[in-house]
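Subject: Handing over a structure

Dear colleague,

I am passing this structure on to you, and what was found in it follows below. Please have the sequence and the model open while you read.

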Amino acid sequence: MKAGHLLIVIAGMLTASHTVSANTIYVTPYLGYTFSSSITDDNGINIEPENDLHYAIAIETDLDKGRVGLFVSHQPTDYENFLNSGSYTYVHFQSSLRFEASQRINTYLGASIGTTIIDADWSDQDLVFSGGFLGGLEYKFNPNFSILLEGRWLANLMESDTTTLCNLPEGNQTCNIRVHSEWLTQFQTNLGFTYAF
């Protein structure tokens, strides 16, 4: 490689690293409430996670007219027809477009994709594919701190083709569950506080 080409490559790398380091990082912890749908197994047993509180965090940076980053959400839950509790943990890559409504108010729309870690006796899968859509309203107190209200629709592909044992609350009965390629959807309402640095 010629010296001139090497200098161009080094200059490009320094410019790229400066651009990355100059990007703002946004850290948003959330507290919210999850509303869940239900799925039914081959025997007609209704599998319905209870609506419950969840907590989450997003770490993002700027990209063009929006943001990209990582979203992690955890929801401990009970099931209406089962004795044992469980949880859902979403780990998603997300991207959103931002729209400035006024000097202090932004709106945004986006999508996310990733996996859900499921802790549930009725599922033989620990990891399932999931994706979602999000939208919200952000109020900026100052350049470094803002509050936001957000809604998220999340869908989990449940491909549980093996038989699983469970315990029913009526007299500690046992049952066999077999779920075939069903979608379990959840809707989250979130209140978040964003710190930018």
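Two residues are taken to be in contact when heavy atoms of theirs lie within 4.5 Å, and that is the sense in which I write of touching in this email. Please also keep in mind that the model is a predicted one.

To begin with the overall picture, the secondary structure comes to one helix and twelve strands, and along the sequence the pattern reads α-β-β-β-β-β-β-β-β-β-β-β-β. The protein has 197 residues, of which 39% count as buried, and it exposes about 10,800 Å², with carbon and sulfur atoms supplying 62% of that area. Among contacts in the protein with a separation of 6 or more, 61% are between residues 24 or more positions apart.

Turning to the interior, the largest nonpolar core has eleven residues, including Ile39, Tyr79, Tyr90, Leu154 and Leu184. Strand E6 (86–100) and E9 are the elements that give two or more residues to this core. There is also a second, separate core of seven residues, among them Tyr30, Ala56, Leu134 and Leu148. In soluble globular proteins, nonpolar side chains tend to be buried together.

A residue that may repay a look is Gln188, which is found in strand E12. Is Gln188 buried or exposed? Its relative accessible area is 1%, and Gln188 is therefore buried, since the term applies to anything under 20%. Leaving aside residues up to four places away in sequence, Gln188 touches Tyr33, Thr34, His54, Phe71, Ser73, Tyr90, Glu150, Gly151, Arg152 and Leu154; of these, Tyr90 and Leu154 are also listed in the largest nonpolar core. The side chain of Gln188 makes a polar contact, at 3.5 Å, with the side chain of Asn190.

On the surface, a nonpolar patch of about 680 Å² is made by Ile105, Leu137, Tyr139, Phe141, Phe145, Leu149, Leu191 and Phe193. Strands E8 (127–142), E9 (145–158) and E12 (182–196) each supply at least two residues of this patch, and the largest share, three residues, comes from E8. One of the patch residues, Phe141, is found in strand E8, and because its relative accessibility is 42%, Phe141 counts as partly exposed.

With best wishes,
A colleague

Definitions and conventions
Residues are numbered from 1 along each chain as its sequence is written. This is a predicted model: local features need pLDDT of at least 70, side-chain atom pairs count only at pLDDT 80 or more; totals for chains, interfaces and linings use all residues. Side-chain values use heavy atoms; hydrogens and water are left out. Patches are made of residues with over 30% relative accessible area and no salt bridge: like charges are joined within 9 Å, nonpolar side chains (Val, Leu, Ile, Met, Phe, Trp, Tyr) within 5 Å. Accessible areas come from the Shrake-Rupley method with a 1.4 Å probe; for residues, only the protein chains shown count as cover. A salt bridge is a side-chain nitrogen of Lys or Arg within 4 Å of a carboxyl oxygen of Asp or Glu. Helices (H or I, at least four residues) and strands (E, at least two) are DSSP runs, numbered from the N terminus. Buried means under 20% relative accessible area, exposed over 50%, partly exposed in between (1.4 Å probe, protein chains only). A polar contact is a pair of N or O atoms within 3.5 Å; within protein, one must be able to donate a hydrogen and the other to accept it, and residues adjacent in sequence count only if both atoms are side-chain atoms. A nonpolar core is a set of buried Ala, Val, Leu, Ile, Met, Phe, Trp, Tyr and Cys residues joined through side-chain atoms within 4.5 Å.
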